[in-house]
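Work through these exercises with the structure open beside you. Each task is followed by a solution in steps.

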Amino acid sequence: MDSGNPVRVAMIGVGAISGIYLKNIVHTFRDVKLVGLCDLIPERVQKGMDYIREQQELGVCVETPKRYADMFEAFRDPEVEVVLNLTRPYEHYQVTKQALLHGKNVYSEKPLAVDMEEGTELVRLAQEKKLLLGGAPDTFMGAGIQTARRLIDAGMIGEIVGANCEMICHGHETWHPDPEFYYKRGGGPMMDMGPYYVTALIQLLGEAKAVMGMTRKTFGRRLITSEPHRGECIEVDVDTHLTGSIRFASGAIAQICTTFDVYYTGQARFEVYGTRGTLVVPDPNTFGGPVLLLRPEDQAAAPKTDPGLMRHDRPDYYKGCREIPLMFDYHENSRALGLADLCMAVRSGRAFRANSQQQLHVLEILTAFSKSSAEGRTVELTTRYERTAPMCCGAMHGVLED
């Protein structure tokens with residue numbers, strides 16, 4: 001795509017996640033042009049405008065975006081080609097729907113919607129309107145998971161047996177400036193952090209077929225200790241400890257646990273097991289590494305005794321693993337990478353990676369854990385999924401291949 005003809009994007013929602021999008025749109029992805037900002041809270045828009053002005057004062061070539069009074073003003077703006085939906089999860093559906101009805105392509109933060117009825121309607125509407133619809137997470141497009149995918153596809157760990165994923169923390173109310181929505185409809189650890197893990201899983205293992213889950217809500221109220229809502233309490237409406245299994249079309253079985261209820265020193269754990277080795281995948285909420293590989297030859301000198309009888313004062317679970325050099329670009333925080341890929345598709349007509357087919361399959365998996373738990377049965381999935389193309393190593397950072 002000619003970088004002199006960037007795709008024009010309006011940002012709806014200028015909350016906490018918007019900062020990294022603004023930075024990367026301004027400094028990294030030259031085929032994306034921000035033309036306007038909109039938020040229900042005027043101070044947030046002003047903060048975004050202040051960032052742009054600061055960059056201009058530093059000599060960065062970036063135009064001052066428009067300040068929309070509401071989202072409909074943005075949707076009516078003929079200059080806007082793509083709407084970047086960074087609103088809260090339970091607002092994704094209405095913002096995306098209205099953008100599509102006004103003829104705009106949409107890239108949304110995760111999740112696509114908060115239930116399958118909403119998600120299916122959005123996908124159908126985009127297809128009817130012949131518009132592009134996609135969204136986060138785009139971390140799977142980063143160097144870490146792309147390197148893991150190449151190793152798996154090359155047969156480095158043999159046939160995939162299964163995987164284990166864990167996202168363990170005690171919630172976001174200790175650090176997030178506005179944590180309440182994490183405990184309301186569309187929130188909870190599976191809907192918030194699960195998209196990173198599940199998207200990475202289907203990118204690595206392919207289509208999922210069924211989910212079996214058990215869930216619970218441990219704390220009915222959460223005390224906020226972060227500013228500016230320090231001392232306020234949140235009434236919890238959603239499950240906050242969700243665990244279960246995913247069966248894939250290949251026969252592989254993955255276990256996953258996401259929780260906001262547990263004290264733990266390390267938040268992320270992601271391992272893929274094969275008949276010829278184990279691959280340790282980096283935190284799927286990041287773009288980089290490390291990627292670790294353990295094969296039988298790496299254990300050639302292992303003690304010939306029961307590992308369970310060996311004393312370890314501080315176990316090193318990844319002792320003997322080899323760190324694999326990252327084989328792709330985008331190892332830093334590259335949020336808006338998926339947006340840039342969609343924008344390339346707007347101009348060239350090619351397929352893009354963080355698409356709504358992927359988002360809808362992920363949404364069905366995410367929502368199936370609570371459904372399985374409530375109904376006491378395995379949930380067979382109805383959506384289909386084909387892995388999107390792997391990343392290419394482009395000639396220039398910030399410019400995606402056409």
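**Exercise 1. Find the contacts of Leu 122, then place the residue.**

Step 1. Set aside residues up to four places away in sequence; Leu 122 then touches Tyr 93, Thr 96, Lys 97, Leu 100, Leu 112, Ala 113 and Leu 133. Keep in mind that this model is predicted.

Step 2. Locate the residue. Leu 122 belongs to helix H5, which spans residues 116–129.

Step 3. Decide on burial. The cut-off for buried is under 20% relative accessible area. Leu 122 has a relative accessible area of 0%, so it is buried.

Step 4. Look further along the chain. Thr 383 is 261 residues from Leu 122 in sequence. In space, their C-alpha atoms are 14 Å apart.

**Exercise 2. Work out the strand order of the open sheet, and say which strands stand at its edges.**

Step 1. Count and order. The open sheet has 6 strands, in the order E3-E2-E1-E4-E5-E6, and the pairing is parallel.

Step 2. Read off the edges. Strand E3 (66–67) and strand E6 (133–135) each have a single partner strand, so one side of each lacks a neighbour in the sheet.

Step 3. Recall what holds such strands together. Backbone hydrogen bonds pair the strands of a sheet, either parallel or antiparallel.

Step 4. Take one pair. Strand E4 (residues 82–85) and strand E5 (residues 105–108) are joined in the parallel sense over 4 bridges. Opposite Val 82 stands Asn 105 in E5.

**Exercise 3. Describe the two sides of E5 and the helix that lies across it.**

Step 1. Sort the side chains. Asn 105 and Tyr 107 point one way from E5. Val 106 and Ser 108 point the other way. All of these are buried.

Step 2. Add the helix. Helix H4 (residues 92–101) lies across strand E1 (7–12), E4, E5 and E6. H4 runs at about 160° to E5.

**Exercise 4. Is Gln 55 buried or exposed, and what does Gln 55 contact?**

Step 1. Place Gln 55. It sits in helix H2, residues 42–57.

Step 2. Check its accessibility. The relative accessibility of Gln 55 is 9%, so Gln 55 counts as buried.

Step 3. List its partners. Beyond neighbours within four places in sequence, Gln 55 is in contact with Val 26, His 27, Val 60 and Val 62.

**Exercise 5. Describe how H8 packs against H10.**

Step 1. Get the geometry. Helix H8 (residues 194–205) and helix H10 (residues 356–375) pack at about 115°, and their axes are 10 Å apart.

Step 2. Give the handedness. The crossing of H8 past H10 is right-handed.

Step 3. Name the residues. From H8, the contact uses Gly 194, Pro 195, Val 198, Thr 199, Ile 202 and Gln 203. From H10 come Gln 358, His 361, Val 362, Ile 365 and Leu 366.

**Exercise 6. Summarise the whole protein.**

Step 1. Count the elements. The protein has 10 helices and 17 strands.

Step 2. Judge compactness. The radius of gyration is 22 Å, close to the 21 Å from the globule rule for 402 residues, so the protein is as compact as a globular protein of that length.

Step 3. Turn to burial and surface. Buried residues make up 53% of the 402 residues. The protein exposes about 18,100 Å², of which carbon and sulfur atoms supply 52%.

How values were computed
Residues are numbered from 1 along each chain as its sequence is written. This is a predicted model: local features need pLDDT of at least 70, side-chain atom pairs count only at pLDDT 80 or more; totals for chains, interfaces and linings use all residues. Side-chain values use heavy atoms; hydrogens and water are left out. Two strands pair if DSSP finds at least two bridges between them. Contact means heavy atoms within 4.5 Å. Axes are lines fitted to C-alpha atoms, for helices over the stretch in contact, and angles run from 0 to 180 degrees between N-to-C directions. Buried means under 20% relative accessible area, exposed over 50%, partly exposed in between (1.4 Å probe, protein chains only). The radius of gyration is taken over C-alpha atoms; the globule rule is 2.2 Å times the number of residues to the power 0.38. Accessible areas come from the Shrake-Rupley method with a 1.4 Å probe; for residues, only the protein chains shown count as cover. A crossing is left-handed if the near helix is turned anticlockwise from the far one by less than a right angle, and right-handed if clockwise.
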